[in-house]
Amino acid sequence: MIINNKKFVLGVKDLKTYFFTEDGVVKAVDGVDFEVYQGETLGLVGESGCGKSVTAFSIMRLLDYPGKIVGGEIIFKGENLLTKNDAEMRKIRGKEIAMIFQEPMTALNPVLTVGFQISEALMMHFKISKEEAIKKSVELLKKVGIPMPEQRVDEYSYQLSGGMRQRVMIAMAMSCDPVLLIADEPTTALDVTIQAQILDLMRSLLRGLNGSLIMITHDLGVIAEIADRIAVMYASKIVEYADKKTIFYTPLHPYTFGLLTSIPRLDLDLKRLDVIPGIVPNPLHFPSGCKFNPRCRFATNKCREEEPPLTKVEEGHLVRCWNVDKVVKEVKKGLLVGV
Amino acid sequence: MNRTVRKLFSNASSLVGIVLLFIFIIIAILAPVIAPPLSDDPYQVPRMSWDVNPQPPGFLMSDNIREIYDFMGTEIKYDKAICGTAEGGYDIFYGLMWGTRTAFRIGLITVAVAGLIGVFIGSISAYFGGWIDEILMRITDIFLSFPFLIAAMVLTTVLGRGLDKVMIALIIFGWMGYARLIRGSILSAKEETYVMAAKALGVKDIRIIWKHLLPNTIFTVLVQATMSIGSMVITAAALSFLGVGAPLGYADWGQMVSFARNWIIGAPGHAGQYWYTVFYPGIFIVLFVLAWNLIGDTLRDILDPRLRGEL
């Protein structure tokens, strides 16, 4: 399928993932739509608990009890992943869609060597011998910039630094040349200097493969660095969806605007840092109407009564808000950082 | 692993355990040399006399038994009851030497098989969770609700006399501890990100359990298994003592103790006259169990990160 001259890789349509807990149904992802094109990076931004990781796990179909996908479609290469059985899904995981995790410290098994963990996927998906897989692992380690790969391949995770472990995770994820890589906050646990290196590495590797990336993060700096398009999530739903420039220069949702104004700035003489008041609502008791209304400075009665739909304000820019015009005025005051 | 072995040898109590165990291994291996068998079945304890009363250490084989061996044309390579004889003239020393093999067999086989069953059930139960966990754990609970010794006794009685039956009974009622132990460890280990990472690479569930989870969790079971080798031997001895274990005359420590049952107090006016009937088998059982417990204790100290002071 080709849309706008770009090859379509993944389409998530009206995805609903609920957790059936003892206290009630938690709607962790409630009607999320987005698509990913070949070679592009989609940034999924939001606060903790807004459902961005659950969206990723839903795509991989890796949700554990009591989480369950209750509705929607996940179209990958023209096929709905939600109708696949476990064996078919296993063939896709690692080979077609790979994932990188937040904690490189715990994402590597402490009792297995680095080489074993990289070659495991290779052996399974390509049916190659152990020797070949180890050889390929060494190449991969070299590719992700680990010095002395021949030696490192026999080492354990405790012998590596945090940045190196994340490089190993990237090597594992990229081992089978996936079409789509999902990175769940891959740089959160790393030093800032290492963060940039890891982002560069992911970008260059993906460019080589012409692969797509879904970058999940709460760090707008990371997003500014790497994303082509951005979906901002709040309380289980996408509230704004546009390309990077639009999001950073002309945000239309009060939440996006709030996120951008709460980035500390050194070039302006501000007494206080702007913050979004309040906390993310408990998913068991979402407020009525727009879920952002208790924290929104533009909220009106309509916001409290009726939830706004995700509407298209211009080509490729979707917003879930009743008061777009008020935000526009505010944005014009020019308090945004810009990209 | 090297570190574990080094610590086992540098710790005084485990060193005692290792030395004891080493002696028992030597005895088990050299049993045919130390106590040469007089019949085709080496596990049949030879009788040194037909007398019901135990005979003191140093007793030489009585003439009427010698005649039988001469008549059968068997060479009498062994005719002195170094530790005396038990009730019915059974040679205690011979029973102890060959009983060491029996003890190892009971301890190692029952613990290994029970451990395998327990680890299998516990890991499946913990990893898959849900109704599989519910069913398997309720089955485990049912088995746990039987008092161990009594259940094993009843089952051995039902199955019939014999060491293999004892082992079957011990296995059937001995795996639940391992199942629970490994279930707990895997329940916490499976929440680790590396399990999710392996799943995200498309690794099969069985392989995740076998290659990723068990190497991280098996140590608690190893410690538990080492400790229970001793207690399995005690239970088997108890069954033999109660008369439902090894067949009459079979080289088994429990049997040797059971031979002493009527002679522990001694004759009137001669308290403790037959002390050797209970002392020698008793000391063997105690030392064997002690050896395993000392090793198990140290192993736990080494492998438990909380006791190691790393957490």
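**Chains A and B, helix by helix**

Biologist: Just after α1(A), which sign of phi does R61(A) take, positive or negative, and what is the value?

Modeller: Helices here are DSSP runs of H or I with at least four residues, strands are runs of E with at least two, and both are numbered from the N terminus. Residue R61(A) comes just after α1(A), and its phi is positive, at about 55°.

Biologist: What sort of model is this, and how is it numbered and lettered?

Modeller: Residues count from 1 along each chain as its sequence is written, while chains are lettered from A and ligands numbered from 1 in the order written. Local features need pLDDT of at least 70, side-chain atom pairs count only at pLDDT 80 or more, and totals for chains, interfaces and linings use all residues, as the model is predicted.

Biologist: How many residues of α1(A) are buried?

Modeller: Call a residue buried if 20 or more other C-beta atoms lie within 10 Å of its own, exposed if 12 or fewer, and partly exposed in between, with C-beta atoms placed from the backbone. The buried ones include F57(A), I59(A) and even K52(A). Helix α1(A), residues 52–60, is largely enclosed by the rest of the structure, because the buried count is nine of the nine.

Biologist: How do α3(A) and α6(A) lie, roughly parallel or roughly perpendicular?

Modeller: Axes are lines fitted to C-alpha atoms over the stretch in contact, and angles run from 0 to 180 degrees between N-to-C directions. Helix α3(A), residues 114–126, packs on α6(A), residues 162–174, at about 20° with the axes 8 Å apart. Angles under 35 degrees count as roughly parallel, over 145 as roughly antiparallel, 65 to 115 as roughly perpendicular and the rest as oblique. The pair α3(A) and α6(A) is therefore roughly parallel.

Biologist: Which residues of α6(A) make the contact with α3(A)?

Modeller: Contact means C-beta atoms, placed from the backbone, within 7 Å. On the α3(A) side sit V114(A), Q117(A), I118(A) and A121(A), and on the α6(A) side V168(A), A171(A) and M172(A).

Biologist: Which helix of chain B gives the most to the side that touches chain A?

Modeller: In all, 16 residues of chain B are in contact with 23 of chain A. Helices α9 (193–200) and α10 (205–241) of chain B each supply at least two residues of that side. The biggest giver, with six residues, is α9(B).

Biologist: What share of chain B is buried?

Modeller: Chain B has 13 helices and four strands, and its C-alpha atoms fill a box of roughly 80 × 45 × 45 Å along the principal axes. Of its 311 residues, the buried share is 45%.

Terms used: Contact = placed C-beta atoms within 7 Å.
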